[in-house]
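Visitor: Before we discuss any feature, could you put the model in front of us, and then let me ask how each label is justified?

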Amino acid sequence: MIVIDTNIISALMEEEGYVQRWVEASVLEGEMIAFSAYSYYEIKRGLLKAPVTLRRRTLFESTLVREYQILFPDKIEIFDTASIIYADLSKKGRSRSKRNR
């Protein structure tokens with residue numbers, strides 16, 4: 001099993017060739033690819049916080065989440081909710097700081 005971190009997931013979403021080839025080769029060699037629930041949270045909150053293309057969001061939610069195992073996913077809904085809360089608070093904080101300038 002290979003556990004990838006947030007940086008590798010981001011590289012896959014950016015379709016960086018080297019990273020894609022490495023992951024694909026690992027899968028062909030029989031390795032299972034996984035990432036932690038915390039990496040799921042980091043990517044999810046980033047997608048919700050920043051203006052992101054539908055393609056990137058779909059790639060994460062429809063491809064990476066389905067193809068790779070998420071470690072400790074017992075309560076993945078908690079991470080979804082935490083991501084939404086984080087993104088909302090970040091957006092509110094940004095709009096306040098712009099008003100205070």
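Guide: What follows takes up confidence, strand pairing and the pocket of this predicted model.

Visitor: How do you know which helix deserves the most caution, and which the least?

Guide: On a confidence scale that runs from 0 to 100, the protein chain averages a pLDDT of 84, with 90% of the residues scoring at least 70. Within the chain, confidence is lowest in helix H5 (residues 76-99), at a mean of 76, and highest in helix H2 (residues 17-28), at 94.

Visitor: Why are strands S1 and S2 called paired?

Guide: Pairing requires at least two bridges between two strands, and three bridges join S1 (residues 2-4) to S2 (residues 33-36), so the two count as paired, and they run parallel. Ile4 stands opposite Phe35 in S2.

Visitor: What makes S2 and S3 a pair as well?

Guide: The criterion of at least two bridges is met here too, because three join S2 to S3 (residues 69-71), again in a parallel arrangement. Phe35 stands opposite Ile70 in S3.

Visitor: What is the volume of the largest pocket, and which residues line it?

Guide: Its volume is about 170 Å³, and the lining consists of Leu12, Gln20, Val23, Glu24, Val27, Leu59, Thr63, Leu64, Glu67 and Tyr68. H2 and helix H4 (54-67) each supply at least two of these residues.

Visitor: How is the lining of the largest pocket divided by class?

Guide: Six of the lining residues are nonpolar, two are polar and two are charged; Tyr counts as nonpolar and Glu as charged, so Tyr68 belongs to the nonpolar group, whereas Glu24 and Glu67 belong to the charged one.

How values were computed. Residues numbered from 1 in each chain as written. Predicted model: local features only at pLDDT ≥ 70, side-chain atom pairs only at ≥ 80, totals over all residues. Heavy atoms only, no water. pLDDT = per-residue confidence, 0-100. Helix = DSSP H or I, 4+ residues; strand = E, 2+ residues; numbered from the N terminus. 1 Å grid on protein atoms, 1.4 Å probe; cavity = no way out; pocket = protein on both sides within 12 Å on 5 of 7 lines; lining within 4 Å. Points joined across faces, edges and corners; volume = space filled by probe spheres on them.
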